[in-house]
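Reader: Can you walk me through a few spots in this model? Keep it quick.

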Amino acid sequence: MPRFRILLALLFLLVTCFTTNRVLGQEAPGRTSSPRPPATPLIVHDPYFSIWSTADKLTDRPTTHWTGHEQPLIGLVRVDGKPFRIMGRDPWDIPALPQTSMELTPLHTRYRFAGAGIEIELSFFTPAFLDDMDLMSRPVTYVTWTCHSTDAAQHDVSIYFDADANSATSYEHQAVTFSRQQTASGQSLSVGSRDQAVLNRSGDDLRIDWGYFHLWVPSSETSQSVIAPHAADDFASTGALPKADFMDGAVPNDRSAPHLAVALALGSVGAQPVARHLLVSYTEGFGIQYMNRNLRPYWQRHGKSVSAMLDEAEAQYTALEDRGNKFDKELIADITRTAGAHYAWLCTLSYRQSIAAHKLVADADNQPMLFAKENFSNGDIGTVDVLYPSAPIFLFFNPRLLEAQVRPVLQYAAMTDRWHFPFAPHDLGQYPLANGQEYGGGERTEEDQMPVEESANLIILVDAIARTEGSTALGERFWPLITQWAEYLKLHGLDPETQLTTDDFAGHVAHNANLSIKAIDALGAYADLAHLLHHDAESKQYGSLAKTMAGEWVKMAAEGDHYKLAFNSPGTWSQKYNLVWDKVLDYNLFPPSVRESEIAFYKTKLNLYGLPLDSRKTYTKSDWTLWTATLTDNQSDFNALVDPVYKWSTETTSRVPMTDWYDTVTGRQSGFQARSVVGGFFIRALADKQLAAKWRARAATGSNPPQ
């Protein structure tokens, strides 16, 4: 073969390998690509404002709400007059620019595309800093495009972004209205439902249909914007948008309805990167109803206008972007050092998802109240056995946010005209209406409840708040109520009667050994709280009681090399995840040998995608698996339990915002998705007391605005 043909063949091979490596995520220096997540967060803030991609490539499917309903965002780029898609499946006849990587960090999602002589990065940044409640509650995601030439030539580049009215409605053909507003530093295109029925109904598979969805463009960017149908076609063919807004009153939200559309000119792009950005927001006057009182979003507690909020967000963009990049890098590095790269990936996956299953509002005294929605289950709000598994993320970053979840439940339980039981409630209602327990129906009886489960959950959480926040104010305020629940657990906790636990999908169980552990740890927590509050007699009494009960538990649950699912069920086993608080909060009620023997036994029961929840089924709960893994001090044992969960997260065929309930053999979703409980993944980080203290210190002085 002539020499020049050999050289050409080698050159072709090198180019092919380089391109293939980029597609597989083996990036060129300075570029990274993440493992494949089950679904990718784009714009996620709360249970109603939550947009995801459920495909490997951003152009393969329409973007959706976490429930799976389409909320399509369209992204196009024109390069030297040729249009390409970089987000969404429409317009279907426009080719997709090849996607070369996707990078997911706690606060950022970045897609990179290359072709036609350019590389372009599309970034979604949500500054969900848990140490700053004003920023966390601000409903703004920054969308940024950064482009440069890859072939040493100059290219004329412009980008297009649009959204339809689905992000402001709950069902098809709902009438909507459009508007355009000028603010001090930009302009906003907005859409909302015509009827604006504020807090009009509750449920699970619902979207918001009051308030307004906004695309806000800073005046500093060279842009066109329009409210019109078919604007994407005009941009693709001419590079321009229609000249006039559609403003003819209310119209049905259907395929012919207008879109909010923005075109941004990057101009002549060379080797030096050129960037443009806009803000995506959703605002509503009231976010939650608590005990029949409508509460405003926390960012709006002092009457701040939408325009002022958007202008403020723009003014802080550069500083926040820098702060967010530092946050991502430092957090991932810290968690990787403490427990490994696979664990750090799972925490990254869980971070925005867990936060976005909550709504932060202000009460009548402008104090924070944080409400979790029980997504893809029954839609309950403030569910105690959902607060419990998600607690580690808040205890790690900012315990005041956990207090903001627990306090509304305690206030409700203290209302004797509303709550009549000697144990704790299960929930506060159905999202977004927190007007009293929904679980069990209107005529609730003791058999409908989770008495040991919820009472123990709240006592443990109140003590954990006192330990991590350094304040006993919450425990002191509700001490009589907490004492009542401790007395209930004293009578019913060691050997619980037939009842449900947080894993209610598994059915009623009597003599549940794991539930008994929770009750015993809760009595230890009560003793600790009593000590902190200088109730020395109660502290001594309940501390001794908890230690004695732990000893009895060991005898009742023992079965050879492990401990049973239920005291009266030989030949069974279960994850004893509730034991983690005995270690993390230093109760030290159970002998270390219990944890050691359980971990050794679990290693013999692993399936391809993890450890089953118990001996009855092959399904598991990923949050509990990470709690169980945290029982060990041995990193290789920790990895043995966590690595299959990591493998599942990158291979599952259930392309939904991460489920916490899946089958360990097939990897398929059993139920649940987009839930807050994955915040429990941070339990191992929380167990690293020095690391947790470092990150909590950032929240110790309250809000930390960007400098």
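Author: What follows covers two loop residues and one sheet. This is a predicted model, where local features need pLDDT of at least 70, side-chain atom pairs count only at pLDDT 80 or more, and totals for chains, interfaces and linings use all residues. Residues are numbered from 1 along each chain as its sequence is written, and side-chain values use heavy atoms, leaving out hydrogens and water.

Reader: Where is threonine 126?

Author: In the loop between strand S8 (118-125) and helix H2 (133-137). Helices (H or I, at least four residues) and strands (E, at least two) are DSSP runs, numbered from the N terminus.

Reader: Is threonine 126 buried or exposed?

Author: Buried, because its relative accessible area is 3%. Buried means under 20%, exposed over 50%, partly exposed in between (1.4 Å probe, protein chains only).

Reader: What is threonine 126 in contact with, leaving aside neighbours within four places in sequence?

Author: Its contacts include Leu42, His45 and Arg352. Contact means heavy atoms within 4.5 Å.

Reader: Switching. Is proline 242 buried or partly exposed?

Author: Partly exposed, at 21% relative accessibility. Proline 242 sits in the loop between helix H3 (231-238) and strand S15 (251-252).

Reader: Now the sheet. In what order do the three strands come?

Author: S27-S28-S29, an open sheet with antiparallel pairing. Two strands pair if DSSP finds at least two bridges between them. S27 (619-621) and S29 (669-671) are the edge strands, each pairing on one side only.

Reader: How many bridges join S28 to S29?

Author: Two. In S29, glutamine 669 is the bridge partner of tyrosine 662.
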